[in-house]
Amino acid sequence: MTQNHLYLVDGSGYIFRAYHQLPPLTNQHGQPVGAVYGYTTMLWKLAEELGKAEGPTHMAVILDKGSHTFRNDMYDQYKAHRPPAPEDLVPQFPMIRDATRAFSLPCIEEAGYEADDIIATYTRAAVAAGWHVTIVSSDKDLMQLIQPGVDMYDTMKNERRGADYVMTKFGVRPDQLGDVLALMGDSVDNVPGVPGIGPKTASKLITEYGDLESVLAAAPDMKKSKMQENLIANAEMARLSRRLVALHDTMDLPEPLDDLALKGIPPEPLQAFLSHHGFKTLLNRLGAPAAAVAMAATAAVASDNAPPPPPPHAAEPAIDRSLYETVVTQDALDRWIAAAHAEGLVAVDTETDMLDCVSCGLVGISLAVGPNKACYIPVGHGGTDMFAERPEQLDKALVLAKLKPLLEDDAILKIGQNLKYDMTVLRRHGIEIAPYDDTIVMSFDLDAGQSLAGHGMDEAARVHLDHQCISFKEVVGTGKSQISFAEVPLPRATEYAAEDADVTLRLWKRFKTRIANEGANRVYELVDRPLVGVIAQMEHRGIKVDREHLSRLSAEFTAGIAALETEIHAIAGQPFAIGSTQQLGAILFDKLGYKGGKKGKSGAYSTDVTILEQLAAQGAPIASKVLEWRQLSKLKSTYTDALQAQINKDTGRVHTSYSLTGAQTGRLSSTDPNLQNIPIRTEVGRQIRHAFIAEPGNVILAADYSQIELRLAAHMADVPALKEAFAAGEDIHAATAMQLFGEVNRDTRGRAKTINFAILYGISRWGLAGRLEISADEAQDMISRYYERFPGISIYINETIEKARERGYTETLFGRKTWFPRIRAAVQHERQGAERAAINAPIQGTSADIIKRAMARMGPALEAAGLPGVKMLLQVHDELVFELPEGDVEAASAVIRRVMETAAEPIVKLSVPLGVEIGTGPSWGAAH
DNA sequence: ACCCTCACG
DNA sequence: GACGTACGTGAGGGTA
């Protein structure tokens, strides 16, 4: 006879948790189902416990019914301040019952009692009958019930909890927990507790005196302190709190224990439920063999020889490269694919012969399904030289054909490190990876700004796994002797490539838990993860660049540079390298005797634009010539020459690479080439933008958020005057000028604009003084006036800095954290630098979050509007650039504007409108 | 490898 | 009392 084991599921507690931790999904009927989905996956997980040694023989889901319980009669303030359930959660409550029925599980609720009391009652009854009980919940109140034979199970953290857990968390035995909870109170449920006593003090007192009454009795004799006074004054509150946190375990059982026996889960109702809501991943798994086994199993067959469940914290074996396999036969490949199916997830990494993923060749693919369970599948080794020997390996087309169903399987999670690279490579072979997680993005969403945590794999492995990866350089060498990965011998290639997949999977496990625990879910799921595929696509598309136009400009610039060089050398009286700041400094300040001392630690003369402009104003003709020379050299070397070299031979387009982890604030950055700093501010520079063109029959469309950071500042700092100006569609700098100076003209508007930006960046009076060419005192007056007119701003700045100092990070409206380790630096200017960055990060970061959401939604929105020919090509922080058929301009503009203007919704409700300006033309330059 | 300068938001 | 002063990026050229 096997031991009966009752699982009591805290359904109400779970649904709130699921709601807050999961994205706001909507099913095909337009109903919000995020929490329902979370709830369903939890039941699924429990269903998979069926038949296991520790698995359930009996199960019930317990729910709250109504809100008035006997506790309200006891204390009318109980749960009084709890805000009403969120709008999009309310309709999900009845669906929870549907989900429970779909799993053929009993659902128990009783008016006048909370779910906790029902759970307590069943626990007492089951223990009395000699059963085991597992309470599926993470609620601290329920931890009071833990005792021999009774444990708790947190499905989200995949953790079983016994008395040890309570001891670690609260420092007391489970049977003392009620006393601790009574002393500390609970602000969410409005249990009063004793003022000034938190978890630490409560635990200390109970440990010392044994129980609540002893603490209260001993209070008069304690050392005089605020706490002692509070204990005496609030003894009755403590006793009331004790009764409020006590679980009521003597109600009548709504259903007899034996009726909760599990009889197996018929698949039909479950299937109907899953397909009604479109939960495809689970639906597919319902068909998968592993799940089918679990579903068919009945509780009664929990036999003695069933394998024990793996311990929840099985120590992960150290990385052992000798265990990796080189896959060169079909059988072996099939075996790995089956292993991935059995796990439900697989880490993937691709190896290529070049780093440029738009035209590189695929050399091999590595997979990992568990610690040290990793393999490398070579498909393109030895092919670079027709005389080189080609090692035995599987045919590339065959491997890709076998992997395609796995990599595209809705039910199998693909995990990669910087997946957009692998996505681009595989997309060229007709494979669209989905669903996926990207560990580089996960790392960034957890640790942006943490100086110790690099997001690249080698550094992440060092930091999180204490493991030194084989570096790419070690494998292929550097400089002239560098070889292609295709030439790396297979054993060596396997060690390197399989390790990458192994490490990626190990990192994923850690990050996955942390993301849930550290509140990074929102930004990861709602902002960054969806973007990975979008970015991969944009990089892959590239943008067409007119080579002739650029080379014409190059020639013009060359001529201009040569002429200026002659003039400059003539004025200097000698030839010198104008680009050398050292030589230029010597000419200007030593030979020609202009004033403008040394600067910087290096002791070198500074010759930057502000200095040269000062000299020019003093009447130094050489200074303005040098400035012109610099402008042209910059444009030629960085843009007109470099961009031509970046045009891809195969596509005729320029493919930038976006880094999702490049900017600490959450912005993207662009490299090879950087297309986020193409000139626009000067007329000469702007000509370069005209080289970015559309294909025949198409046009370029540029859509810019107008003043998005100032709008966000107005919202986040709650500045009524600014919000009203934005709502009325006013010129914001003019409105600021009116507020500060009482009149609007060119001068005051310009100053107001400078101040507006200065505010976003964390102002100092000296900085502002320098920009406006006024004294520091005048600048201080201006700042003070700004704070007076817009009081929210100074409050926001102080609060932001204070929070950052306290917690170590700032947060955007979407919960993106940026860490500022230097905000507690002892060195003043380091600390102040961190403070300025901390003021800016929430604003810049929220703006980045919003445009990222717009980007993730853009493709589906255009598709839905019947505009599949509209292609998003570039992102420049507050601007999106598209290429589209001429005839689509009007329809596309409407969709693009709508998606961009509503990108924050429904997660964040802004109190200012977001404005978008759209322009079109034959080139990027013409579209502005 | 580092600094300086300058292109963008 | 002096210091150095706006946030976030990437790239090219010169120099050591």
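## The fold of chain A

A contact here means heavy atoms within 4.5 Å. By that yardstick, among the contacts in chain A that link residues at least 6 apart in sequence, 68% bring together residues at least 24 apart. Keep in mind that this is a predicted model.

Chain A runs to 928 residues, and 51% of them are buried. Its secondary structure adds up to 36 helices and 23 strands. As for the outside, chain A exposes about 41,100 Å², with 52% of that coming from carbon and sulfur atoms.

## Who sits around DNA strand B

Now to the DNA. There are 21 residues around DNA strand B, and the ones that come nearest are Thr607, Lys634, Ile680, Arg681 and Asp878. On the DNA side, sugar and phosphate make up 76% of the strand B atoms that come within 4 Å of the protein.

What mix of residues forms this surface? It splits into 6 nonpolar, 8 polar and 7 charged. Helix α26, spanning residues 621–646, gives the most to the surface near DNA strand B, chipping in 3 residues.

## Polar contacts with the strand

Two neighbours deal with phosphate through their backbones. For Thr607, a backbone N or O atom lies 2.6 Å from a phosphate oxygen of DNA strand B. For Asp608, a polar backbone atom is 3.3 Å from a phosphate oxygen of DNA strand B.

And which part of the strand does Asn677 reach? A base nitrogen: a polar side-chain atom of Asn677 lies 3.0 Å from that nitrogen in DNA strand B.

Conventions: Residues numbered from 1 in each chain as written. Chains lettered and ligands numbered in written order. Predicted model: local features only at pLDDT ≥ 70, side-chain atom pairs only at ≥ 80, totals over all residues. Heavy atoms only, no water. Near = heavy atom within 4 Å. Polar contact = N/O pair within 3.5 Å; in protein donor to acceptor, adjacent residues only side chain to side chain. Helix = DSSP H or I, 4+ residues; strand = E, 2+ residues; numbered from the N terminus. Nonpolar A, V, L, I, M, F, W, Y, C, P; charged D, E, K, R; others polar. Buried < 20%, exposed > 50% of the residue type's maximum accessible area, 1.4 Å probe, protein only. Areas by Shrake-Rupley, 256 points an atom, 1.4 Å probe, with all protein chains shown as cover.
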